[in-house]
Each structure stands twice: as structure tokens, then as C-alpha cells.
Amino acid sequence: MANLFPKRILEEGAETKMDKINNTCRRTILETLKVVLKDEYEEVLKDPVFGLILAIVENKLVYSGKIIHSFICKQLKVSKLHELWFVFANRPLRFSMQEFYAVTGLKFREEPELDVNNWKSDKGFWSLVLTKNKKINLLIIRDELLKVCNEWTYVDRVRLVYLCVIHGFVIAKDLRVFIPQEFIRLVMDFEKMRMYPWGLRAYDELIASIFKAREDLHLKNSYVLDGFSYAFQIWIMEAIPDIGSMVGKKIKKKMTKVRCRNWKGSGKVSYQDITSLESHFDKGQLFPFISSTGSLDAIDNAEFFREDEKNDERVGRIVALIGAKQDWRQFTWEVETLPPNMELSDSEEDDVEEPAVVAEEPAVTTKRGKRKLIDPGAESRKKELLCQRAAEHNSGVSGEMKSFIEGLFTSSFNSFTELVKKDIQERFDKFDNEITLLKEKVSQTTGPSDTVGKDRASEIPCPSETLGKEQEKSSHSPGPSAAKKKGKSKEPESVDPPPLRRSPRPDDIDMLDFLKNLSKNSNYVDKGTQESLQDAMGNLSQASHVKDFDPSQNLNGEEPAEWVTPLSSFKPADWIPPSLKDMELHEDRMYDPDYSLVFVHEDSWAKLIEWSSTSKQLRIGPSMFTSELAARVMGPTEWLQNHEIDAMMYLFTERTSLRQWFPNKVAFMTCMFSNQMKYSFEEFRKDKKKFKVTGLLQQYGIGELPAHGRTRQMWDLDVNRMYVPLNVGKHWISMCVNFVTRSIEVFDFEGMKHNKSVEPFATLIPRIVKAVQNSSSQQLNVKKYTISYAPMSLLNKSGSDCGVYALKHIECHLLGLDFSHVNDDNIREARQKIAYGLWEAANDPGKSTMQSKLSP
């Protein structure tokens, strides 16, 4: 296997145990800012780029230097420049830009048109720093500037927080390293700062630091680790969930984007814990690749390709084996041989110069110190996990032994089955032969059995004789009514006893019983057939009136007795016929993932049904909620029209404006806006140089339009996201315009590409943003927004639910819900939810004031 696969840098179990790991990615400076500059820190916390990174500080996730160092020792030596490979429990896993983006969500694409050198002076503190080329580091900020920054402008204090997040956390450096002038110029313009590829810069810094630490493993007993090492630790926790559960726990189970915000905990993990887990990791789960779409998705995503990346066919073989479900337990990894000058003797190890520990902040050491546990259950959770993995490892059976046992059991069982079948068949054949012989002997036998049979037959009266005698007897004997009239004093007439019959001999009776039983055994009659039921119960009376059975029955026109109570009076007032259909309780649906998207309570639905009988018209934004509109929304085969779409977009605006939904800085457009963009784009294509953003387009950009839903919020300043419905050839889709990332994400369950229909938005929206923010520059050549398509499965079996899906996809994306929660199984319920939501908003008198503010 020489040169077929990359080698490990250290043999398994021979990993070094560093005394000191001086990480520069620390929370202490940010926690200080959180106290001293509370308002400014909260402003940065709302930032769509860095606010998600600060979730690590807010969740108080502990930093584990031992986990990071253990994985640095588990590297495979590959020739890739921008990709690292590791081995855990003999299984390979990758850390690349794709994994880093899934953890951080930071931008990784460079913007060629981004000018980072020019900046605009506002005569504040940071303008003075750039003008005079002053040197500033985190140590100066902590010890000097935080004491005097109250005299600065609010914007300069916000810039200070941004610089601490960037230089002290995302691209972490030592406290004494000066902040690059490039970073200061970027924070002078927040729009440029958000467009900068921080993910690419932070990943390269982290990879370079890990490469340097790998070289120091053989020479030193401590090293400095720069860069966003917190992201590296969170990737390990995501790729190996067992390690994640030892450190902390996830806030949400199925979060795949910006995963750094999803962990909290303060579990302490030792080298022994990691070694114990790895040695017993037979049934543990490991994800060799992770992405923002979900684990094991997009193994080689072209979006993260780097032109200067080196090819390494050894890595390609690993990827192929992972795809083929390779069993890595029996795989042997070769170990890299150290050069002679790097093999240290015991005496040399003692003389290695140890670098100075970074001062002012405590380093991660092996000393035990007291600290307040944020996650008190972490220790018990870790012990339970290690015990479970050890039990699985010790109780397991090797693959060869398992195959042997399965083969032995299968062969033994098959042999036993054949023996049993043969024995049963022989027994049945023998029994059948005995029955046949017995029948032949009985058929040839004459004598007492025939006599007894004839005697018995002569003694049984025929039905006609019995019926005649009974009728004759009944005609001579008085009935119950006549007996009552005659009174009790008169004695009943005497009845002659039945004639005595001669009983057959006991031997004859035994023979008769034997013959009858034999007949039953040889001629089987199925008692479950309709014929046997008729034979058994055919003599029962079919008359509706049975004498003396129910005194309430009316016989011969007589009235029923006065004491009879009607059967209906025994039913309770709330009695309903029994039903086998289970009733769906509200409590049962509250925890369903699609509850907020499709569920309507029965009481609420009854109100809507009651309104539909009144034909009362209600105002909901630009539309009138009528019975016809409600019928179109709820109709399973009805195609939604502009009125219904615009009404729902208005309802979304109302819910975000009233804070019924948490997301803010969001705008919702109407169908009229989509049509206006198509028309304006045609004008733009006729003469791009003379085209100006005026009139309606400018009114949309400053929030004066749509007229119903007026917010007066400026795009890219007060609004970060905007949702738009779009009709493309008798088919509804929807999309999200992100002003921060300068992108448009399209939602279409058919998975079709609509670049031509979306192009007007990608081209004109950046021009509208520039026009409304800087009225003096109307003809700027701005770059188009990027277009992407949300992955979805094929839906809409009915062929008429595209409008419903377009609206519900907006709702899912806005609230952070998975698109799969709305599907063909519950789309009817989704229609009912839309109808009730419109009726509720239009019928709520408490929202009339709000509607007046959002209406023209």
C-alpha cells in the first residue's frame, strides 16, 4: 500500500500531550466589551454576518484545547494546500473550506470590484488613526481605549467592537499584534465590510496556523495557535457527535447552516477521555464530510474550488472508498517517518527552548482549577457515553465469527426443517390409511347397528305429526287470557303422560354413538357458512311481533301499556353515535413540525364557516376577503390569483410589523412590483446608459410602495431581506432578495431554472439600492446579484397548488423552517390555514389601527 494512501504524522496511541496550548481565539475581550460597551455590542450582535459568530460567546461554549491538539496529532500528510485530512478510530474525515463554511457561514467568494483601499473620512477617531498611520492592537484597546471611548461618536465605538471581533476572534492574533490597516479601512464602510470574504481569509489563517503547529509537535511541548480555532473545534463536534455530546449539547437537532450558533456547554474533556472513546468507537457515528445542506451532502462542491489547489490521487482513493462504504476497522494506515534531525533523545527534550506564554490572558493548561459549571450534566453525560461505547465494544462479535454462527444456524435449521416435514407427512399418511380401512369395515358390518338405527328412527316423530298434535292440544287447552278470566279457584285439566318407549341395550347405544362420531369425522361441515347458519336458526320466527316478549309492542291494533317508556328517552342529551374514527386533539398536533404552517383549530374553523354563510365582505390590505376569494383559496383544484397572493404578502407585512413574528428588517412585495420590474427591465435593455431609477422604482426602494403595506424602510439600510412572488408562464414561484449577501434565492418545487425571469431583479435591485442611498449617482455600474435555487423535491400532484407552495415557502424561509414541512400530504390543510389567516386578520378589530398605517 506504499504511496497508495497518505500516511499518518503520528502512530495511533503515540499522540503527544502538550502542557500548554496558547490559543489566541478567546472570548475574554468580547465579554469585556459586552459589559463596557453594551449598546454597541448589541448593535454588532444584530449584524447578519458577525452576529451569528457572536452566538458562541452568548452560548458560553467552552474552549477545549485538548480536543484541538488531539486532532492536530491525528492528521494525514497530504499534498493539498487548502484541505486537511484526519483519522479518528481508523476512519478518515476531511476539514476543508466547505466544512468551515458550514460551521461559520462566513463569505468565501472574493468580490473583484470591492475597493478596500479607498475610504471616506468622518473626522472621527478611526479616521485619525488611518490618517496618521497609528498602530493599534488589542492590548491598547483593552488597557487604554476602553477608558476614553465614551468621548467618541457612537459609530466609532461600534467600529471598535467590530475590530475586536475580527482581530480577536475570527482572524485571531496575539494581543500584541497590531491590527492591519486594511481591517480599519473596511470598518469605515459597513457595506464593504460585509462584502469582504472573511470566511476565505479566516480559513487560510487557521490552516496556516495548523500547518505550523504540526511542525512544532516534534520539537516543542507547547505552541501558539492563531486563527478561528473555535470553528475547528465545532467542526470536530459536528463530525463526531460523541465528542460534541461530551463537551456540550445542540440547541436544535437539525440545523445545517452556521452551525457555530447551535452549541452550548462547558464539559471538560481530557486526553484519556478522547483515547477511551476512540478505542471503543465500533458503533459510533462519524461524518467524513459535512456541508451547509446536511451531513454527507456535496462531497466535492464546485463552489469551493481553488485554482491553485494541488491534485492528490491518494485523497481521491480515500473518497472513493468512503463512497463504497469501506470498513475501516481492518484498514492499516502507514506512519510518516521522521527525519533523523527531528528524532529527539531524552536529554535533548529537556533542553528544548519553550516559547513564552501569551500574557494578560490565561492559557489553556492541564492544571485543574475551580470554575462554575454552565452545563452541570456534562460530566454524567460523558461518563454514560464512554460506558455505552465500552459495552458495545466488549459485547461485539467479530465479522468472521458472526458469519460462521449465521452459516451454522442456517444449515442446522434447514436440516431440522426437512426432518420435521418428513415425519409429519409420514404421520398423516398413516392416519389417512387407518381411517380408510375403518370406513370399509363399517360399511360391511350389519346387525345390531341397523336395528338400533331403525328403532331410533321409528321413535322420532315427524314435524307434521308434532305440529298437529301441538295445535290440537292448544285448541283444547285454555290460553293465558282465558285462564285469567276463569280465576285461580278452578283446577287445571289433567294431561295424559307420554307413552313409555323401550330403551335400547347399552351395547347398541355405544355402537350408534360410534357410528355417528365416525360420520362426523369423515364428513366435515363448516359451521361458519351461510348454509349451516340457516340449518341451525332457520326455524326461528321471523315475525316482527313475538308474543309475551315486549309488552310495548302493539298487537291487533291495541294501544301499548301506559307504563312503557320510549327508548329514545334513555339517550343522554349529548349522546352521539359511536364511531371508529379517532378524534384529532389540539394537544396532539402542537408538537408536529408542520403545526404553525397548516393546523387550524376546530373552533377557529367553525368561525370561518359561520362567516361564509353571511356573505359579508372584509378588507385585507389591497384585496377584499369575500366568499369567492375564500372558495378559491380552499378549493383543491383552484389556481391562486393575484388578489390572494397580494393579500397574503400584506398579511406577512402585518405580522412582522406587529412583531407577531420575530424576524425584522424584512419587506414583502406584491405582484404589481414583479410586473413593474419586468417592464422597467425592458426599458433598461433599450438604453442602459440613459436608464435612471425614478418614479415607482424609487418609491419601492424607500418603502413608500406597495401602497398597502407601506413601511417607509429603505432597502439595504432598514431592510436586509425582501420576499417577492413571481409568475412565470402560468406558474407561481417565490424568491428571497438578500441585500447583505447581494444574492437572490429562488423557491420552486419543480426544480426548474428561471434565470431569464429572475434577471430583471438581479440587475435592477442593486441599481435601486444605489439610487435611493445616493441620489447624486444615478448611473453607477453595479454588479448583478447572484442567483441560487433552494433544493426541493418534486411536488404539486394536483397541478394547481403552485401558488400555495410559493406562499408557504416564503413563510418557511422567513421562520427558519424546513421546506419539507409543506408537501402534497398536507397542502389541503395549508390552503385552509391561508384562508383562516386572511379571515382572522381581516376580522380582527384590534388591527384596524395597524392596517390604517400600512394602507394608503
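## Strand pairing and helix packing in a predicted model

In the hairpin formed by β14 and β15, four residues lie between the strands, and R742 adopts a positive phi near 55°. The model described here is predicted.

**The strands around β15**

Strand β14 covers residues 732-738 and pairs with β15 in the antiparallel sense, over five bridges. Within this pairing, M735 stands opposite V746 of β15. Strand β15 also pairs with strand β16 (residues 786-789), here in the parallel sense and over four bridges. V746 takes part on this side too, standing opposite Y789 in β16. Thus V746 faces M735 and Y789.

How many residues of strand β15 are buried? Five of the five residues in β15 (residues 743-747) are buried, so the strand is largely enclosed by the rest of the structure. The side chains divide between two directions: S743, E745 and F747 point one way from β15, while I744 and V746 point the other way, and all are buried. E745 is thus among the buried residues of the strand.

**An open sheet of four strands**

A further sheet is open and consists of four strands in the order β1-β3-β4-β5, with antiparallel pairing. Strands β1 (7-8) and β5 (91-96) stand at its edges with a single partner strand each, so one side of each is left without a neighbour in the sheet. Between these edges, strand β3 (residues 75-77) and strand β4 (residues 83-88) run antiparallel and are joined by two bridges. Q75 has F86 in β4 as its bridge partner.

**Two helix pairs**

Two packed helices are described by the angle between their axes and the distance between the axes. The table gives these values for two pairs.

| Helix pair | Angle between axes | Distance between axes |
|---|---|---|
| α29 (residues 671-686) and α31 (residues 755-773) | about 85° | 9 Å apart |
| α5 (residues 97-104) and α12 (residues 229-239) | roughly 95° | within 9 Å |

Helices α29 and α31 pack at an angle of about 85°. An angle from 65 to 115 degrees counts as roughly perpendicular, which is why α29 is described as roughly perpendicular to α31. From α29, the contact involves F673, S674, M677, S680, F681 and F684; from α31, it involves E759, P760, F761, T763, L764, I765, R767 and I768. Sorted by class, the contact of α29 with α31 comprises nine nonpolar, three polar and two charged residues.

The axes of α5 and α12 cross at roughly 95°, and these helices are therefore roughly perpendicular to each other. E99, F100, V103 and T104 of α5 meet A231, I234 and W235 of α12. The contact of α5 with α12 divides into five nonpolar residues, one polar and one charged.

**Helix α33**

Helix α33 has 17 residues (residues 827-843). At 1.5 Å a residue the helix should span 24 Å, which agrees with the 24 Å between its end C-alpha atoms. Which residues of α33 are buried? They are I827, A830, R831, I834, A835, Y836, G837, L838, W839, A841 and A842.

**The chain as a whole**

The protein chain contains 34 helices and 16 strands. Of its 856 residues, 41% count as buried. Among contacts in the chain with a separation of 6 or more, 74% are accounted for by residues 24 or more positions apart.

Technical notes: Residues are numbered from 1 along each chain as its sequence is written. This is a predicted model: local features need pLDDT of at least 70, side-chain atom pairs count only at pLDDT 80 or more; totals for chains, interfaces and linings use all residues. Side-chain values use heavy atoms; hydrogens and water are left out. The expected span of a helix is 1.5 Å times one less than its number of residues. Buried means under 20% relative accessible area, exposed over 50%, partly exposed in between (1.4 Å probe, protein chains only). Two strands pair if DSSP finds at least two bridges between them. Axes are lines fitted to C-alpha atoms, for helices over the stretch in contact, and angles run from 0 to 180 degrees between N-to-C directions. Angles under 35 degrees count as roughly parallel, over 145 as roughly antiparallel, 65 to 115 as roughly perpendicular and the rest as oblique. Contact means heavy atoms within 4.5 Å. Ala, Val, Leu, Ile, Met, Phe, Trp, Tyr, Cys and Pro count as nonpolar, Asp, Glu, Lys and Arg as charged, and the others, Gly among them, as polar.
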